[in-house]
Amino acid sequence: MAYTTIDDPSAYFQTKIYTGNGSTQDITFDGNSNLQPDFLWLKGRSLAEGHTLQNSVSGVTKHLHSQNTDAEVTDTGIVTAFNSDGFSLGDEGDVNANTSTFVGWGWKTGTAFSNDASSTSVGSIDSVGSVNTDVGFSIISYTGNNTDGATVAHGLGVVPSMIITKSRSAASLTGWMTKHKDLASNYNLILNGTDAAWNPSSNGWVGDLNNTATFSLENGGTNGN
């Protein structure tokens, strides 16, 4: 397997500890390189609030919660901008309660991705997103068709080690289905629960990770119509 040399990892991923002010504020990363995040994960450290996840493909003011199965929410009080070296916060207590401490993890993709499955014959479902092939990370959006064995282009050019999926539009579907290369065939984990790895059967899952161009889905939780 060929490995890519990353001279400065802070160009692609950084962690930031910050203190909320109950109003609005800009948070700046501290790494060697400037990083405009495309995927941002925030969590309170000193207060019992959930996880908030946002990305540049869905839109900066849209977020999901990894601890539950809720659909995507638009809220201008959470994250309001992805800046050239950090992000801007609104006044919501989930991410910016006064005097509370928080942590933010930011990832950089940066290259627009689009695949028309019928034109390229890659996958069976169209996908769009943002990708970084240097570090092997992509954010992909697709619309499910409730078909067993459907495939979606991921844009990485290598076999992915892990894929996390979540319905943006439906809260009723199975939550954060997660496939890792070391799990048995058709077995997934869920971020929003404490279950051991399981085969979700008719609830839908992410299939085996064995393709440099696509990943596969079963109907239901990962591929609802």
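Okay, Met 162 first: at 46% relative accessibility it counts as partly exposed, because exposed would need over 50% and buried would be under 20%. Keep in mind that we're looking at a predicted model here. Met 162 sits in strand β14, which covers residues 162-165. On the surface, Met 162 teams up with Ile 164 and Leu 191 in a nonpolar patch, and together they have about 250 Å² of accessible area.

Now let's zoom out. The chain has 2 helices and 17 strands. Its radius of gyration is 18 Å, close to the 17 Å the globule rule gives for 225 residues, so the chain is as compact as a globular protein of that length. If you want a box for it, the C-alpha atoms fill roughly 50 × 40 × 30 Å along the principal axes. The accessible surface comes to about 10,700 Å², and carbon and sulfur atoms hold 46% of that. As for the inside, 43% of the 225 residues count as buried.

So what's in there? The largest nonpolar core has 14 residues, and among those with the most contacts inside it are Tyr 18, Leu 40, Leu 42, Val 79 and Phe 87. Strands β3 (39-44), β7 (79-83) and β8 (86-89) each chip in at least two residues of this core. There's also a second, separate core of 8 residues, including Ala 150, Val 152, Leu 209 and Phe 215.

Back to Phe 87 for a second: which residues does Phe 87 contact, leaving aside neighbours within four places in sequence? Among them are Tyr 18, Phe 29, Leu 40, Leu 42 and Val 79, and also Gln 25 and Asp 26.

Notes:
Residues are numbered from 1 along each chain as its sequence is written. This is a predicted model: local features need pLDDT of at least 70, side-chain atom pairs count only at pLDDT 80 or more; totals for chains, interfaces and linings use all residues. Side-chain values use heavy atoms; hydrogens and water are left out. Patches are made of residues with over 30% relative accessible area and no salt bridge: like charges are joined within 9 Å, nonpolar side chains (Val, Leu, Ile, Met, Phe, Trp, Tyr) within 5 Å. Accessible areas come from the Shrake-Rupley method with a 1.4 Å probe; for residues, only the protein chains shown count as cover. A salt bridge is a side-chain nitrogen of Lys or Arg within 4 Å of a carboxyl oxygen of Asp or Glu. Helices (H or I, at least four residues) and strands (E, at least two) are DSSP runs, numbered from the N terminus. Buried means under 20% relative accessible area, exposed over 50%, partly exposed in between (1.4 Å probe, protein chains only). The radius of gyration is taken over C-alpha atoms; the globule rule is 2.2 Å times the number of residues to the power 0.38. A nonpolar core is a set of buried Ala, Val, Leu, Ile, Met, Phe, Trp, Tyr and Cys residues joined through side-chain atoms within 4.5 Å. Contact means heavy atoms within 4.5 Å.
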